[in-house]
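The following exercises are to be worked with the sequence and the model side by side. Each task is followed by its solution in steps.

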Amino acid sequence: MESRGALPPRGRQVLIFFVWLGLCQAGSESVRYSMAEETEIGSFVANLARDLGVGVDELSSREARVVSDDNENHLRLDPLTGDLLLNEKLDREELCGTSEPCVLPFQVLLKNPLQFFRAELHIKDINDHSPTFLDKEILVKISENTAIGTTFLMESAQDLDIGTNCLQNYTISPNSHFYINIRDSGDGKIYPELVLHRALDHEEEPELKLTLTAVDGGAPPLSGTTLVLIKVLDINDNSPEFAENLYEVQVPEDTDVGSRIITLSAKDIDAGSFGKISYTLFHASEDVRKTFEINPVTGEVGLKSHLDFEVIQSYTITTQATDGGGLSGKCTLVIKVLDVNDNPPEVTISSITNSIPENTPETLVAIFSVRDPDSGDNGRMVCSIQDDLPFLLKPTFKNFYTLVTDGALDREARAEYNITITVSDLGTPRLTTRHHVAVQVSDVNDNAPAFSQAAYTLLVRENNSPGLLIGSVSASDRDAGANAQVTYSLLPPPQQPDVAALVSVHADSGQLYALRALDYEALRAFEFGVRAADRGSPALSSEARVRVQLLDANDHAPAVLYPPANGSAACPELVPRAADAGYLVTKVVAVDGDAGQNAWLSFELLKATEPGLFGVWAHSGEVRTARPLSERDAPRQRLLVLVRDHGEPPLSASVTLHVLLVDGFSQPYLALPEAAAAAEAARPDSLTVQLVVALAAVSSLLVLSVLALVAARLCGGGGGGVGAGCAVGGGGGGAGAEGRFPGPLLDVSGGGTLSHSYQYEVRLTGDAGTGEFKFMKPISPNLQVSDVGRNIEESENFRNSFGFNIQ
């Protein structure tokens with residue numbers, strides 16, 4: 001590497017002309033560096049961190065990259081030091097050929113924010129190539145009568161180096177006939193000319209062998225040699241002549257090998273062998289000789305190998321026509337290679353991001369460059385992506401593009417995008433290159449869990465086992481990963497009842513379990529809330545209501561309220577023997593703590609003293625006579641009634657009824673065998689006496705009330721006066737004695753419970769002369785002894801007036 005001014009220890013020189021590049025499309029002046037070719041790999045070129053004015057950490061954090069225009073990795077950046085190092089040995093002749101200067105453009109790419117810095121690496125030539133002659137032997141035919149001072153152009157040597165290292169001089173081996181004259185072609189190349197300074201004599205010396213040496217200007221200089229064979233010919237005084245000194249032809253680069261390019265023709269007016277012309281390519285470079293050939297007899301120039309416009313755009317060939325006497329004529333052939341669209345565009349990805357978060361607008365996805373080595377429209381390119389994708393292509397610097405998102409992405413709507421970058425040139429036909437970029441959209445916790453339904457209803461049968469699975473709730477989250485992992489929990493108190501003591505929810509599955517046995521009779525239904533939360537940050541949640549409806553189980557047997565289980569013997573049911581079929585004896589009252597079908601009760605008479613005498617209504621529990629009573633029926637009847645629910649299995653209870661058949665309500669009823677012993681030891685005001693007295697008292701009051709009502713009607717309906725309308729006697733009963741009173745005329749009932757009250761229904765008939773009382777339930781079980789006489793007296797008055805017999 002060259003040094004200028006104060007040289008650093010490693011003998012390097014850095015030429016820096018530096019201005020910050022603006023974002024994307026801002027232009028700037030390039031930074032220039034120089035380096036000698038064939039420098040070892042890893043050699044230091046420059047410190048980019050210092051030259052760009054950024055720290056080493058910033059270079060690393062901004063993902064600094066070095067991108068060459070030819071997409072080759074000639075250079076590399078050390079991220080630890082910020083040094084720009086050689087990644088390979090550079091051969092100036094291979095990279096640039098004979099072009100000067102040899103420049104490798106490259107860009108330094110920084111991200112976040114996106115910046116481009118242009119730079120150039122100038123490759124300095126070293127003297128690493130010796131001049132070489134393509135022909136190991138040069139044949140020159142010279143007529144013996146050639147005049148002194150005549151010059152003969154020699155084949156030039158080839159030196160791939162440039163500048164002072166290229167070919168600088170030619171020398172000829174010492175001889176008495178020739179010397180070398182250096183000729184400048186005007187394009188920086190020199191050609192040797194062999195100058196005759198002493199006449200030749202074919203008879204004296206028909207052939208000369210000289211050594212031509214080519215020397216370059218390197219330090220130390222390198223050289224190459226070739227043998228010059230001079231044949232002295234007899235006199236030939238006419239040289240061949242071409243019709244034109246310059247020929248131009250245009251050849252498409254896709255011309256087939258072997259095709260004819262042009263036919264050159266020269267004329268020589270000499271006769272014999274001196275008039276026969278042979279054609280050769282003169283001063284032809286190695287590229288020309290590999291690519292073209294000329295027929296030495298016809299002068300037809302043909303294509304020997306494929307043309308490539310991107311490598312060489314034109315060839316300049318000197319063609320020589322030589323006659324049999326050694327005289328020659330020359331012309332110049334210029335072959336211009338026409339570009340055809342034979343190179344598709346090239347896409348080079350400099351940076352790519354395969355995963356981008358959702359809900360983030362204008363996110364950088366990729367940075368890439370495009371190039372087409374063709375020229376004109378064949379090298380102009382159009383870059384595009386699919387129209388239906390939320391992405392944009394933005395041109396930035398030179399042929400660089402950035403691929404960014406066009407707005408925020410939604411992973412739940414689409415989690416992956418396959419982007420096809422299409423680059424087409426404008427040639428005919430168009431060539432297209434496609435590059436596929438797969439972009440994954442990473443999830444952001446932007447969706448709360450959603451329950452499958454807003455409210456759940458669970459049916460649970462009571463008396464369940466603790467830990468029973470009673471149902472489940474389900475919520476789904478449209479997010480992914482941890483953002484979609486749902487956990488369930490009961491809503492915190494206060495709640496009535498304490499739901500946490502009744503049910504629990506599995507945090508992961510949403511299954512609901514009963515923590516203890518539930519009782520339908522204590523709690524028929526309850527509600528609670530369940531929260532579903534994801535594991536995102538921050539976590540999102542939603543709620544649902546759960547109603548647990550208990551189903552009844554048949555776990556309660558019927559309970560008999562009336563008659564009481566311990567009071568049937570002491571309080572028998574009294575039935576007059578005059579009762580007709582269907583007479584209501586009593587009603588069994590029972591309840592069931594269950595509900596629905598489990599609480600539907602049916603009544604059944606299991607056992608009776610006299611089967612067929614009594615019957616029980618299955619649905620009401622009413623005990624009625626099945627037929628009229630007779631004198632043959634036992635006065636004491638014992639009935640066993642079964643009360644059964646409709647559960648599965650059914651549960652039941654039974655009660656025993658004691659029925660006493662009496663001739664009238666005034667007749668003291670016979671004590672039951674079970675109560676006989678108790679009656680003997682009872683006080684004079686025993687229960688039986690009290691019932692009889694109470695019955696007599698109530699009957700007396702009822703009769704008096706009925707009499708008063710009848711008298712009032714009779715008095716109000718008669719037209720002859722009070723005496724006529726109110727007369728009640730044996731023969732003048734009038735209207736009151738002719739027809740029956742309406743059915744149930746009067747009900748007298750007392751307050752209290754079933755076991756402490758009775759109800760009477762009084763029906764009076766005028767033709768029978770008797771009174772009928774239907775006993776329903778006791779009014780009062782206890783009467784004062786002092787009222788007994790008065791009640792009996794009232795009962796006698798009632799009997800005497802209407803003829804009722806309650807004996």
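**Exercise 1.** Determine whether N359 is buried, partly exposed or exposed, and describe its backbone.

Solution. Step 1: the relative accessible area of N359 is 38%. Step 2: buried means under 20% relative accessible area, exposed over 50%, and partly exposed in between (1.4 Å probe, protein chains only). Step 3: N359 is therefore partly exposed. Step 4: N359 sits in the loop between β25 (355–357) and β26 (364–371), where strands are DSSP runs (E, at least two residues) numbered from the N terminus. Step 5: although N359 is not a glycine, its phi is positive, about 65 degrees.

The model is predicted: local features need pLDDT of at least 70 and side-chain atom pairs count only at pLDDT 80 or more, while totals for chains, interfaces and linings use all residues. Residues are numbered from 1 along each chain as its sequence is written, and side-chain values use heavy atoms, with hydrogens and water left out.

**Exercise 2.** Carry out the analysis of phi, place and accessibility for N463.

Solution. Step 1: phi of N463 is near 65 degrees, a positive value in a residue other than glycine. Step 2: N463 belongs to the loop between β33 (455–461) and β34 (468–472). Step 3: N463 counts as partly exposed because its relative accessibility is 43%.

**Exercise 3.** Describe the pairing and the cover of strand β5 (residues 83–86).

Solution. Step 1: β5 pairs with strand β2 (residues 44–47) in the antiparallel sense over three bridges; two strands pair if DSSP finds at least two bridges between them. In this pairing, F44 stands opposite L85. Step 2: strand β4 (residues 75–77) and β5 also pair in the antiparallel sense over three bridges, and L86 is the bridge partner of L75. Step 3: β4 and β5 form a hairpin with five residues between them, and G82 in the turn has a positive phi of about 80 degrees. Step 4: both faces of β5 are covered, with D83 and L85 buried on one side and L84 and L86 buried on the other.

**Exercise 4.** How many salt bridges does a search of the whole structure find? Examine three of the pairs.

Solution. Step 1: the search finds 24 salt bridges, each being a side-chain nitrogen of Lys or Arg within 4 Å of a carboxyl oxygen of Asp or Glu. Step 2: in the pair E58 and R62, the closest N and O atoms are 2.9 Å apart. E58 is partly exposed because its relative accessibility is 32%, while R62 is buried because its value is 7%. Step 3: D443 and R411 form a salt bridge with closest N and O atoms 2.9 Å apart. This pair links distant parts of the chain, with D443 in the loop between β31 (432–442) and β32 (450–451), R411 in the loop between β29 (400–405) and β30 (416–425), and 32 residues separating them. Step 4: for D508 and R535, the closest N and O atoms are 3.4 Å apart. D508 lies in the loop between β37 (503–505) and β38 (511–514) and R535 in the loop between β39 (525–534) and β40 (541–551), so the salt bridge ties together parts 27 residues apart in sequence.

**Exercise 5.** Where do the cis peptide bonds T428 to P429 and E648 to P649 place their prolines?

Solution. Step 1: the cis bond joining T428 and P429 has an omega of about -5 degrees, and P429 is in the loop between β30 and β31. Step 2: the cis bond from E648 to P649 has omega near 0 degrees, and P649 is in the loop between β48 (636–645) and β49 (652–662).

Definitions and conventions
Helices (H or I, at least four residues) and strands (E, at least two) are DSSP runs, numbered from the N terminus.
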